[in-house]
Amino acid sequence: MALSTENLPQQIRNFKRELKALCPDYKRRFEDVSRAMEAEIARIKKEEESGSAIPQFEFSDIADQGFSEQQRQQVHQAGCCIVRNTLPENEVTDHNNALSRYIIENGYYEHTPTVEDNYFSQLKSDKPQIFGIYWSPAQVWARQHPNMAVARRHLNRLWTWQDDEKTYFNPDQEASYADRVRRREPGDATLGLSPHVDSGSIERWIEPHYREVYHNVLLGDWQQYDAFDGANRVEVEEFPSPAVCSVFRTFQGWVALTPQGKGDGTLQVVPSTLAIPYMLLRALQDDVPEDDLCGAAPGRALTVFKEWHPLLFEGLVSVPKVRAGDTMWWHPDTIHAVEDKHNGDGYSNVLFIGAAPDCEKNRLFLDKQRPAFLKGESCPDFAPEHHERTYQGRATESDLTDLGRRQMGFD
Ligand SMILES: [Fe+2]
């Protein structure tokens, strides 16, 4: 049955009634998860004291040997990681400079927005400095770079991608998802993002496939919950919205275009895969109104609120200092935010590039995305601003390598 936005308060009431009947220990369950989450916060704080709670790896090690069992466990616990030197620093710096020229010389700043994108309007800080640019040579170069393919293959393989009967996705083949660009000026104090999770809000409780994904959290043994099990994930359906990602991603991610770290207006995460089980169970407790899921709203990011989830704010940490060409990856359930203030003295720029492995859902998306690429239109998942239709120097089909063509679904 298709997901319906009709009478959501009633749907939420029904869901809660049904679930509480099946799971009368929801209160004890939340207390247990809370204790485990407190232990996670203590771990995060301790790891931050001696460096960073975000696991970090060298691209060349991962390329040679993949993730070791220990590294795999680190990512499974933290729900995120940094892969250093994924792309060559000098080339990335050149592309960053060319991207600045591409944006400025083509008049991006003179354009008046015609489409109101209200995706982030519930998040307290103002809109971030994110550009609706999808087809610059820098982005197409990075998306189809062989090192990115290698990194993503190993990242995808941190997931369970098949069982005895079914292959959920192909970890070795990428479906290129055209995401945007962040270019943040030094001194900027208006463009942060409050902590949130993408890929669905209310859906996480009521959508049938998400109910399967989180079955162990809500009804089974929550300690057996595996955030990296691909079963049902590729079939999840989300409420349609102008800026909700409609592909399946094993990881959201970015490539650093400039050096940046804590204080430079960059990304923050809560590096624990226990945060979503915590949020799911929090919303079922008796102090939350019957028709509310701790403020979750359809078509928006799932927001972390001080009033409901104060514990999670204690685990929010900034990305440590990275250099141009390093990549940051986070699981689609990982809570993330953007620092309110950019106190550094250089631009803090990234290309958003995640990992979206080949599967039916992503192939259907590529069919919609290819014509947009050929016409220089916005990626069909985002506001239809179509800035680049007339841009000089935009990447075209002839700029795609064989790998890039496959990733775009041309062949
Ligand atoms: Fe986000």
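How many cavities of 30 Å³ or more does a search of the whole structure find? In this predicted model, the search turns up 4 of them. The second largest has a volume of about 100 Å³. Its lining is a mix by class, with 5 nonpolar, 1 polar and 4 charged residues. Ser-199, Tyr-210, Val-236, Val-247, Phe-248 and Pro-332 are among the residues that line this second largest cavity, and so are Arg-233, Glu-238, Arg-249 and Lys-361.

Next comes the metal site. The iron ion gets its protein donors from His-196 (NE2), Asp-198 (OD) and His-336 (NE2), and these sit 2.1 to 2.2 Å from the ion. Along the chain, the donors are spaced as H-x1-D-x137-H. As for exposure, His-196 and Asp-198 are both buried.

Then there is the nonpolar packing. In soluble globular proteins, nonpolar side chains tend to be buried together. Here, the largest nonpolar core takes in 84 residues, and Trp-205 and Phe-251 are the ones with the most contacts inside it. Helix α11 (residues 275–282) supplies the largest share of this core, at 6 residues. A second core, separate from that one, has 17 residues, including Ala-78, Ile-82, Trp-254 and Leu-267.

Back in the largest core, what does Trp-205 touch, leaving aside residues up to four places away in sequence? The list runs to Phe-15, Arg-211, Met-279, Leu-280, Ala-283, Leu-293, Ala-296 and Leu-302. Two of these partners, Met-279 and Leu-280, fall within the stretch of helix α11, residues 275–282.

Key. Residues are numbered from 1 along each chain as its sequence is written. This is a predicted model: local features need pLDDT of at least 70, side-chain atom pairs count only at pLDDT 80 or more; totals for chains, interfaces and linings use all residues. Side-chain values use heavy atoms; hydrogens and water are left out. A nonpolar core is a set of buried Ala, Val, Leu, Ile, Met, Phe, Trp, Tyr and Cys residues joined through side-chain atoms within 4.5 Å. Buried means under 20% relative accessible area, exposed over 50%, partly exposed in between (1.4 Å probe, protein chains only). Helices (H or I, at least four residues) and strands (E, at least two) are DSSP runs, numbered from the N terminus. Contact means heavy atoms within 4.5 Å. Donors are N, O and S atoms within 2.8 Å of the metal (3.2 Å for Na, K and Ca); water is not among the atoms, so sites may look incomplete. On a 1 Å grid over the protein atoms alone, a cavity is a set of points where a 1.4 Å probe fits but cannot get out, and a pocket is an open set with protein on both sides within 12 Å along at least five of seven lines; lining residues have an atom within 4 Å of a point. Grid points are joined across faces, edges and corners, and a volume is the space filled by probe spheres set on the points. Ala, Val, Leu, Ile, Met, Phe, Trp, Tyr, Cys and Pro count as nonpolar, Asp, Glu, Lys and Arg as charged, and the others, Gly among them, as polar.
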